[in-house]
Amino acid sequence: MAAKEINQQQQTQSWERYWQSDQGSQTQISDQLKQQCLTPLWQRFLRQAFIATPNAVTLEIGCGDGYLADLNAPLLPASSQLLCLDISTAAAQWVEQKHPRLAAVAANANALPLADHSVDIVISQFGIEYAGAAAFAEVGRVLKPKGKLLLFCHQQGSSIFQECHGNRQTLQAFIDSQVMPLAAAAFRAGYRILAGQGSQQAFRDADKALAPAVEQVKQLLLHPQCDADQFLRRVFADLGKMYGRIQHYQADDVSAWFNHNNQAIVEYLGRMQSMTDAALSTAQTEQITAQLAQAGILLDCTAVQHNTQPLGWVFERK
Ligand SMILES: C[S@@+](CC[C@H](N)C(=O)[O-])C[C@H]1O[C@@H](n2cnc3c(N)ncnc32)[C@H](O)[C@@H]1O
């Protein structure tokens, strides 16, 4: 199953698979948060920016399934262009399908496929920081001298960060318990007996090896708190059901179940890792502000709260 740390490429793949899937489980931005905080902020900025620059070329970084594109589309002047960029091809295609008037491209924000000083407005909501410091330098390169910019970034310690961090820890602890490989081994021993090839002793040994991992996971999921707890509880319950009635399940179906769920767990962990790794500290916001100041872009950086909890950093050009 997963290595201890999921690497950059796997994190990218986990986004691709996420946007390809039906998005079963992950930290979602609540409607309340959108209505009370995010939507008014973006509408204020976009209205002002489009009035100031009616023929603007706007770039959105890390568009996902198009939350900002949905907000943008009705406000966008006929003469303006909006390019939505995401590392995930599925996300870019999804936005283009929803909004044929917009253009979308799959690319890494740390190497923007755009000419120097070719963009009037750059926007991002919980997107650019996933691509690291190089992406902020890229913004400095592509933004026009008087271009506008609003970036809403994850903050270390924010409510979303805490949630993702909790999910990450639970997923990692579940993987570390080895319950999935140990259960798979016990199933294999069980199916060998059913096929008349294995020994009872081999099954008992596999079952004994599995028992401590099962106990560990029971403790881990005893008091579900986060989304990952709920997700893993479903996986664990299904596992228990199959294990108790092994003779009623086909070996191939069980094997496919393990493949599917192992992959889902690793991908979920990949997204949670990429979020918690992306979240910016105060020192990082100072570096970004200094970096863009060198490119002639002076920024206000504000820590925004929602329901008295830290929510994120907003960078806006002065
Ligand atoms: C938390 S989602 C936010 C999506 C959307 N902006 C929203 O607010 O709903 C982060 C997005 O960043 C994208 N992303 C991750 N790494 C990226 C990179 N290096 N370059 C561009 N996009 C990236 C992911 O595919 C994902 O769509």
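This report describes the strands, domains, core and selected residues of one predicted protein model.

The model is predicted, and local features are therefore restricted to pLDDT of at least 70 and side-chain atom pairs to pLDDT 80 or more, while totals for chains, interfaces and linings use all residues. Residue numbers start from 1 along each chain, following the sequence as written.

**Overall composition**

The protein contains eleven helices and seven strands; helices (H or I, at least four residues) and strands (E, at least two) are DSSP runs, numbered from the N terminus. Along the principal axes, the C-alpha atoms fill a box of roughly 75 × 35 × 35 Å. Of the 318 residues, 38% count as buried. A residue is termed buried if 20 or more other C-beta atoms lie within 10 Å of its own, exposed if 12 or fewer, and partly exposed in between, with C-beta atoms placed from the backbone. Among contacts between residues at least 6 apart in sequence, 73% join residues at least 24 apart; two residues are in contact if their C-beta atoms, placed from the backbone, lie within 7 Å.

**Parallel strand pairing**

Strands are said to pair if DSSP finds at least two bridges between them. The pairings that involve β1 and β2 are listed below.

| Strand pair | Sense | Bridges | A bridge partner pair |
|---|---|---|---|
| β1 (residues 57-61) and β2 (residues 81-86) | parallel | five | L59 and L83 |
| β2 and β3 (residues 103-106) | parallel | four | L83 and A103 |
| β1 and β4 (residues 119-125) | parallel | four | T58 and I121 |

In addition, I61 stands opposite L85 in β2. L83 of β2 has L59 as a bridge partner, and L83 also has A103 of β3 as a bridge partner. Four of the five residues of β1 are buried, so this strand is largely enclosed by the rest of the structure.

Between β1 and β2 the chain passes through helix α3 (residues 67-75), giving a right-handed β-α-β crossover. A second right-handed β-α-β unit is made by β2, helix α4 (residues 89-98) and β3. Right-handed here denotes that, with the strands pointing away from the viewer, the path from the first strand over the helix to the second runs clockwise.

**Domains and their contact**

The domain assignment gives domain 1 (8-157 + 279-317) and domain 2 (160-275), with bounds that come from an automatic or database domain assignment. The centres of the two domains, taken over C-alpha atoms, are separated by 37 Å. Their contact takes 15 residues from domain 1 and 14 residues from domain 2. On the side of domain 1 that touches domain 2, the residues divide into four nonpolar, ten polar and one charged. In this classification Ala, Val, Leu, Ile, Met, Phe, Trp, Tyr, Cys and Pro count as nonpolar, Asp, Glu, Lys and Arg as charged, and the others, Gly among them, as polar.

**Nonpolar core**

The largest nonpolar core has 84 residues, and those with the most contacts inside it are C84, V95 and V122. Such a core is a set of buried Ala, Val, Leu, Ile, Met, Phe, Trp, Tyr and Cys residues joined through C-beta atoms within 7 Å. Helix α7 (residues 179-194) gives the most to this core, with eight residues. Because domain 1 and domain 2 both give residues to the core, it lies between them. Leaving aside neighbours within four places in sequence, V95 is in contact with C63, D65, G66, A69, C84, L102 and A104.

**Selected residues**

Two non-glycine residues, F126 and N307, have a positive phi. For F126 the angle is about 50°, and this residue is found in the loop between β4 and α5 (133-142). F126 has 20 C-beta neighbours inside 10 Å and therefore counts as buried. For N307 the phi is also about 50°, and the residue is placed in the loop between β6 (299-306) and β7 (309-317). N307, with 10 other C-beta atoms within 10 Å, is exposed.

Q169 is found in helix α6 (residues 159-176). This residue counts as partly exposed because it has 15 C-beta neighbours inside 10 Å. Q169 and L269 are 100 residues apart along the chain, and their C-alpha atoms are separated by 8.8 Å.
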